[in-house]
Amino acid sequence: MPPSGRPIQPIAESSIPEAIQSVCAAPNRKQQLELIAQLARHYQNSRDVLAVYNQLSAAKNGHRLAMLFVALMPLPIPTGLLLLASPLLQARDVSVGLRITVAARIITCLPDRAESIGPIVRALTAGLGKTRTLERLIQLQSRVERSTTLDEMVESAEKTTRLKCPKCNDRFSRPALIRHLWHKHQLIFENGTARDPAPKVEEAVQAAVESHDPDAIDHVYAITQQVYAEVEPRQIHQAILARSQMPLEDAESLIQRAAREQSGLCPVCFHVLPPSLPPLPDPLVVSYGRLVGEGYCVEARPRAIAITYADGSTDQLPDPSGRSNSREFAARVGAGFAAVSLGLAAALPSKPLIPTIGVMLLGLGAYTGLLYRERRVPKPDARAVNACWSELVPTIGRSARAIRFLTRLCRASLGQGEPEARSKILWEIVEHSAVLAQKGPAQTQWFATARLLQAHDSARIGKEWINQLLAIWEPFFSGSVTPVYAETIAEILIHSEILSDRDSARLRVQLPALAFDSGFSPSELNLLAEYCPNFSRVLAGNADWFHLLHELWKLKNTQPWEKSCGPAQTIFELTRKGSQIKKVLAYPDTLLIAESPELGDVLIGRRGVTIADCTVADPEANISTEVVKKGATRLNFGSHRIVVEGTISERTLRSLRGWLNFRSDRLMPAISRSASAVRSGRVVSILESALTICPMCQSPSLVQVGGLGRSLQASPATK
């Protein structure tokens, strides 16, 4: 607003003094530029253009206002204005950038001759040394679309001016100095100064992040490719994502590429990182009596084993176990008797029929007897596995390649071969791998697969399978092994056929019980499951389920339900014994099972109390009986109607009401505590052993293949 307080009049309606006064009284630079631009457009073709220029020059900060008037004047600029503006190119009270802009517009309007452009250049560079003159000419050249004379001046100045390198003090021509600075010192030459390109790139990235302008993002790619030609577009994308709050979908292309490379991404800078929980090697290929992998091949042949080693050498060993089965052996014996009978028939000239028939009958009897006599013969695949354990494993060594081979062999041997034959060497491998398990993920995977094979072999010879599995998990809960150990065991159990649905249902309960026995809280167990995906799949539960199990685990010794509800078996007892697993499979949320003589099994679980596939959760639900016919009673169980033979005692009805109240008052409140999870030093120490440190930003995180790493501080369960 002008000092008078009146609004500024439009330039077209104002006199020249009023227009100049409006320009000088503009409240800010932006509005002042707009007014000068209007003034330049309005008076471009007017006789008064020189008067406007002169009055602007006479005002406060007049040189700057006059030069702005010329800079904002639409082309072509009047000739008189060119003559008046040229002397101001030497004015020190006008910024260099504005003077260069005005000089460029003047040159654009002048003939492309040395006598026309020379005075303008000399006025712009007056008082400057050779180096600064050259830089001023370069800046002027960048703003003039086409001028052969100016180009020649720049070229001549470059040839005669030697610039000093700020790093090594050698002198070069300007083009040579630019190349020298980049190739020798990794610096760029900008506005006469050598500078590190990294801040320039960082400024461009930050500008793109703040503006969200596609052109600014394109500028980041352009400038990065210009100064860092070896940088991949993926890395530029990472830099932009790391500095912005863009949604995760924008990182999808980076995640997919990392998955193809069997890697993950840093959650802070999106740098590609090796996985904290590396992928488990596939089992060796066992098919048609051949075991193949890592350059080795073991082939079961008739009564022999052929071995091809990693270095290409071969060996063939006798194998007594490669004998014929019952049918083949009987056929061979029968063929022998038939050959003898034919020989007798040919050798006896008279009456050969009787001895020939006798030998043939004897051969038929031997064939029949041997055909149905059990002859235990190992399968070719089992022979190949047995031979690998007996011949290769003792001599293979413990190199990185050997450890990978042994890990794959342990996976391939699950359910294959003879457990008794390899028990001693497998025990030695378990002991050896336990010592090496702390040296890296590959050794930990070897230890885990060897332990699992040992447990499965024990189950095959008669020991309880679930108990063997629980013993395997104890080192993980004690913190003596890293999460790689747990993930390896869980992945093998998930992707192999050694764990049935029945065993999975038992393990889903017994594994949390083992964690509780080891001192873990439900929140700690849930935190472990969050960061270990395969382990979480074996647990097959969530925070609510773990808190319910923990509440029941605390009550399993005192059993307070016996007084108000009656006797019942906990899910821990049922899964430990392996009884009534069908009920658990049908209702996986079951916590207690009570037996009623009139109603059968009563299941108490998270969803409610279940009788005959009818579930009620409301403790105020109607529970009553009605006689529907002679010898039959209808139970009103909430909204359900259940008809049973005989009568239902009042004690049974009190027991049902008691179970509904016990579930509502004692078990279900545990779920409300699942939201109050706290950070656990025990769990953090276990997970920290598997953290990957990003070499770019030094951020620790758990990185999975094809995923964004997770920092322990970012977990909602740790807040």
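Here are some worked exercises on the predicted model shown above.

Before starting, note that residues are numbered from 1 along each chain as its sequence is written. In this predicted model, local features need pLDDT of at least 70, side-chain atom pairs count only at pLDDT 80 or more, totals for chains, interfaces and linings use all residues, and side-chain values use heavy atoms, with hydrogens and water left out.

**Exercise 1. Take stock of the chain and of the confidence in it.**

Step 1: Begin with secondary structure, taken as DSSP runs numbered from the N terminus (helices are H or I, at least four residues; strands are E, at least two). The chain has 32 helices and 21 strands.

Step 2: Turn to burial, where buried means under 20% relative accessible area, exposed over 50% and partly exposed in between (1.4 Å probe, protein chains only). Of the 719 residues, 46% count as buried.

Step 3: Look at the surface, with accessible areas from the Shrake-Rupley method (1.4 Å probe; for residues, only the protein chains shown count as cover). The chain exposes about 36,300 Å², and carbon and sulfur atoms supply 52% of that area.

Step 4: Check the contacts, meaning heavy atoms within 4.5 Å. Among contacts in the chain with a separation of 6 or more, 58% come from residues 24 or more positions apart.

Step 5: Finish with pLDDT, the predictor's confidence in each residue, from 0 to 100. The chain averages 81, and 77% of the residues score at least 70. Over residues 1–8 the pLDDT is below 50, and this stretch has ten contacts in the model beyond near neighbours in sequence. Residues 714–719 also stay under 50, with 17 contacts beyond four places in sequence.

**Exercise 2. Describe the surroundings of Cys 266.**

Step 1: Place the residue: Cys 266 sits in the loop between β5 (264–265) and β6 (272–273).

Step 2: Is Cys 266 buried or exposed? Cys 266 counts as buried because its relative accessibility is 0%.

Step 3: List its partners, leaving out residues up to four places away in sequence. Cys 266 touches His 271, Leu 273, Cys 694, Cys 697, Ser 699 and Leu 708.

Step 4: Compare sequence with space. Cys 266 and Leu 702 are 436 residues apart in sequence, while their C-alpha atoms are 8.9 Å apart.

**Exercise 3. Follow the salt bridges, starting from Arg 408.**

Step 1: Recall the idea: side chains of opposite charge can pair when their charged atoms come close. Here a salt bridge is a side-chain nitrogen of Lys or Arg within 4 Å of a carboxyl oxygen of Asp or Glu. The whole structure has twelve of them.

Step 2: Take the pair of Arg 408 and Glu 294, whose closest N and O atoms are 2.9 Å apart. Arg 408 lies in helix α18 (residues 400–412) and Glu 294 in the loop between β8 (290–293) and β9 (296–301), so this pair ties together parts 114 residues apart in sequence.

Step 3: Look around Arg 408, which is buried with a relative accessible area of 13%. Beyond four places in sequence, its contacts include Pro 281, Asp 282 and Gly 293.

Step 4: Move to helix α20 (residues 441–460), where Asp 457 and Arg 460 meet in a salt bridge (3.9 Å, N to O). The two are separated by about one helical turn because they are three residues apart in the helix. Asp 457 counts as buried at 5% relative accessibility, whereas Arg 460 is partly exposed at 36%.

Step 5: Look for shared partners: salt bridges join Glu 294, Arg 404 and Arg 408 into one network.

**Exercise 4. Locate Thr 488 and find what its side chain meets.**

Step 1: Thr 488 belongs to helix α22 (residues 483–495).

Step 2: With a relative accessible area of 3%, Thr 488 is buried.

Step 3: Which backbone oxygen lies 2.7 Å from a polar atom of the Thr 488 side chain? That oxygen belongs to Val 484.

Step 4: Setting aside neighbours within four places in sequence, Thr 488 is in contact with Leu 280, Gln 445, Ala 448 and Thr 449.

Methods
Polar contact = N/O pair within 3.5 Å; in protein donor to acceptor, adjacent residues only side chain to side chain.
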